[in-house]
Amino acid sequence: MIRNYRETDFPALAELWSTAGTAQGYAPQTPEALAGLLTENPYFSPSFALVLEEEGAMAGFACGCAGDDLPQGRTRGYFTCLLLDGAHETAENAAALLSALEDAFRRAGKTQMAVSFFNPMRLPWIVPGTPGHQHNNCPGVAEDVPLHGWMLAAGYAVRAVECAMYLDLDRFEMPGWAGERAEALSAEGYTVDWYRSGVHRGLAGMVHSMGNPMWDAEIPEAAEKINMLVALRDGEVVGFTGPVYPEETGRGYFAGIAVSADHGGHGLGSLLFSRLCQAEKEAGSRYMSLFTGSDNHAQKIYLQAGFQVRRRFSVMTKEL
């Protein structure tokens, strides 16, 4: 039987997370932390949380979320996770839970289900080959778990592939070319410095030109309240990266990096990113992890800094 989630299901959900969830690579969570991630998340709704029950016991769980304030939220529902215990981990049970979640979104007037980093319910996972180092969100479905194939079989289309990249900051050293690059850029009128409000101009406009609404919401505020490394020409911001601070897990936070199209081709991105890695290390971060599209030219910058691809995730959608 598939039914909607009830509050009394939480102990069983916590147990399922500790087995099926961690088997998918999700980070282990205390019951309190799991509640914060899922059932106490502002976007959690029992309407989009489903339990596969057999003989009164939870055999599976699927969750999604929706909200008109989310990107494409008027027409799109977001897939969050699907867990099945070992005895019930089959394509048939996965298909049944997916179908039930799709029906829930149809009843809510949604015409598409998506697996995307725009989902506000962020689930941390363990970076393979590390001593428990966590990344704080999944941008899609990991290619190395059965769920990926099950969703393809259920009609989900891969819209993009995101590469999860990792760097152990203990091994990072500022590259020798960085000083020479900074001197060459200075001769062209460019500098890299910490953002100073009231001194440097045009950050918000530069960020907006990138067409990323998440950056619009985060970067200018983070520059004012935390910090931000910026590329400058005549006091005008032409690139950014940051903010710089260690998360509780030891991960060096990373929101993104961008250089204005009008100022590309000078090596500003590489210099910005090497400065970011050094600043994160000096701030006490132990490692960095990030996502980049499989065909994104920025991947070269990350590889040059010593990052390695550790996992791949598919951004997926299905028309309902």
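This report walks through one helix, some salt bridges and three single residues in a predicted model.

## Helix H8, from end to end

Let's start with helix H8, which runs over residues 268-282. Its 15 residues reach 21 Å from the first C-alpha to the last, close to the 21 Å you'd expect at 1.5 Å a residue. After the helix comes glycine 284, whose phi is positive, near 105°.

How much of H8 is covered? Mostly, it is: 11 of the 15 residues are buried. Among them are Leu268, Gly269, Ser270, Leu271, Leu272 and Phe273 at the start of the list. Ser274, Leu276, Cys277, Ala279 and Glu280 are buried too.

## H8 meets H5

H8 has a partner in helix H5, which covers residues 177-187. The axes of H5 and H8 come within 10 Å and cross at roughly 130°. An angle over 145 degrees would count as roughly antiparallel, and 65 to 115 as roughly perpendicular, so H5 and H8 are oblique to each other. The crossing of H5 past H8 is left-handed.

Which residues make the contact? On the H5 side, look for Trp177, Ala178, Arg181, Ala182 and Leu185. On the H8 side, they are Leu268, Ser270, Leu271 and Ser274. Those four H8 residues also appear in the list of buried ones.

## Salt bridges: a pair across the chain

Side chains of opposite charge can pair when their charged atoms come close. In this structure there are 14 salt bridges.

One of them joins the side chains of arginine 3 and glutamate 53, at 2.8 Å from N to O. The pair links distant parts of the chain: the two residues are 50 residues apart, with arginine 3 in strand S1 (residues 2-4) and glutamate 53 in strand S2 (residues 49-54). Are these partners buried or exposed? Arginine 3 has a relative accessible area of 11%, so it counts as buried. Glutamate 53 is buried as well, at 17%.

## Salt bridges: pairs within a helix

Now for two pairs that sit inside helices. In helix H3 (residues 91-107), arginine 106 and glutamate 102 are four residues apart, which means they are separated by about one helical turn. An α-helix has 3.6 residues a turn, so residues three or four places apart point the same way. The side chains of arginine 106 and glutamate 102 meet in a salt bridge of 4.0 Å, N to O. Arginine 106 is partly exposed, with a relative accessible area of 35%, while glutamate 102 is buried at 4%. Both residues belong to a network of salt bridges that also links Asp103 and Lys318.

Helix H7 (residues 213-225) has a pair with that spacing: lysine 225 and glutamate 221 are four residues apart, about one helical turn. Their side chains meet at 2.8 Å, N to O. What about exposure? Lysine 225 is exposed, with a relative accessible area of 64%, and glutamate 221 is partly exposed at 42%.

## Three buried residues and their contacts

Leucine 16 sits in helix H1 (residues 10-23). It is buried, with a relative accessible area of 4%. Which residues does leucine 16 touch, not counting residues up to four places away in sequence? They are Gly21, Met58, Gly60, Phe61, Leu83, Leu84 and Asp85. Leucine 16 and glutamate 92 are 76 residues apart in sequence and 18 Å apart in space, C-alpha to C-alpha.

Valine 141 is in strand S8 (residues 141-142). With 4% relative accessibility, valine 141 counts as buried. Leaving aside neighbours within four places in sequence, its contacts are Val115, Leu147, His148, Met151, Arg312, Phe313, Ser314 and Met316. Valine 141 and glutamate 162 are 21 residues apart in sequence, and their C-alpha atoms are 9.7 Å apart in space.

Serine 260 brings us back towards H8: you'll find it in the loop between strand S13 (256-259) and H8. Serine 260 is buried, with a relative accessible area of 13%. Beyond its neighbours within four places in sequence, serine 260 is in contact with Met206, Met210 and Val238.

Terms used: Residues numbered from 1 in each chain as written. Predicted model: local features only at pLDDT ≥ 70, side-chain atom pairs only at ≥ 80, totals over all residues. Heavy atoms only, no water. Expected span 1.5 Å × (residues − 1). Buried < 20%, exposed > 50% of the residue type's maximum accessible area, 1.4 Å probe, protein only. Axes fitted to C-alpha atoms, helices over the stretch in contact; angles between N-to-C directions. Parallel < 35°, antiparallel > 145°, perpendicular 65-115°, else oblique. Left-handed = near helix turned anticlockwise from the far one by under 90°. Contact = heavy atoms within 4.5 Å.
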